[in-house]
Amino acid sequence: MLVFLLAVFTPLVLLAAGFLLGVIWLRDEHARLTALREDITQESATLQRLAHDRDADVEARGESPPTGRHHEAG
């Protein structure tokens, strides 16, 4: 009887433990990706603000603002 109970409940306990570990891992990954997305959004907003400020400075000096990103062929 004891062998039967061990044979039935051991896999169930292992499955439950694996499920809980998976849920915890997914929650941590979701939190990490959410924080990364927020960092990227903040960085993008900062870069846009810097570009806008640079364009405003160029216009204030009476120069024409840059029209695009042209790279020389290397």
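Only 1% of the 74 residues in the protein chain are buried. This figure, like every value below, refers to a predicted model. The protein chain exposes about 7,000 Å², and carbon and sulfur atoms account for 66% of that area.

The secondary structure helps to picture this chain. One helix and zero strands are assigned to the protein chain. Helix 1 covers residues 2-60, 59 residues in total. From its first C-alpha to its last, helix 1 reaches 86 Å, which is close to the 87 Å expected at 1.5 Å a residue. After helix 1 comes Gly 62, a residue with a positive phi near 85°.

Turning to the surface, a nonpolar patch of about 850 Å² is found on the chain. Its contributors are Met 1, Phe 4, Leu 5, Val 8, Phe 9, Leu 12, Val 13 and Leu 15. Phe 4, one of these patch residues, lies in helix 1. With a relative accessibility of 54%, Phe 4 counts as exposed, because the cut-off for that class is over 50%.

Charged side chains offer a second theme. In general, side chains carrying opposite charges can pair when their charged atoms come close. In this model, the count of salt bridges comes to two.

One of the salt bridges joins Asp 28 to Arg 27, and the closest N and O atoms of this pair are 3.7 Å apart. The partners fall into separate accessibility classes: Arg 27 is exposed at 55% relative accessibility, whereas Asp 28, with a relative accessible area of 42%, is partly exposed. The class boundary at 50% lies between these two values, so Arg 27 and Asp 28 receive their separate labels.

Another salt bridge links Arg 32 with Glu 29. Here the closest N and O atoms are 3.0 Å apart. Why are Arg 32 and Glu 29 separated by about one helical turn? The two residues are three residues apart in helix 1, so about one helical turn lies between them. Both partners are partly exposed: Arg 32 has a relative accessible area of 46%, and Glu 29 has a relative accessibility of 23%. Glu 29 is not counted as buried, because that class requires a value under 20%.

Key. Residues numbered from 1 in each chain as written. Predicted model: local features only at pLDDT ≥ 70, side-chain atom pairs only at ≥ 80, totals over all residues. Heavy atoms only, no water. Helix = DSSP H or I, 4+ residues; strand = E, 2+ residues; numbered from the N terminus. Buried < 20%, exposed > 50% of the residue type's maximum accessible area, 1.4 Å probe, protein only. Areas by Shrake-Rupley, 256 points an atom, 1.4 Å probe, with all protein chains shown as cover. Expected span 1.5 Å × (residues − 1). Patch = residues over 30% accessible without salt bridge, like charges linked within 9 Å, V, L, I, M, F, W, Y side chains within 5 Å. Salt bridge = Lys/Arg side-chain N within 4 Å of Asp/Glu carboxyl O.
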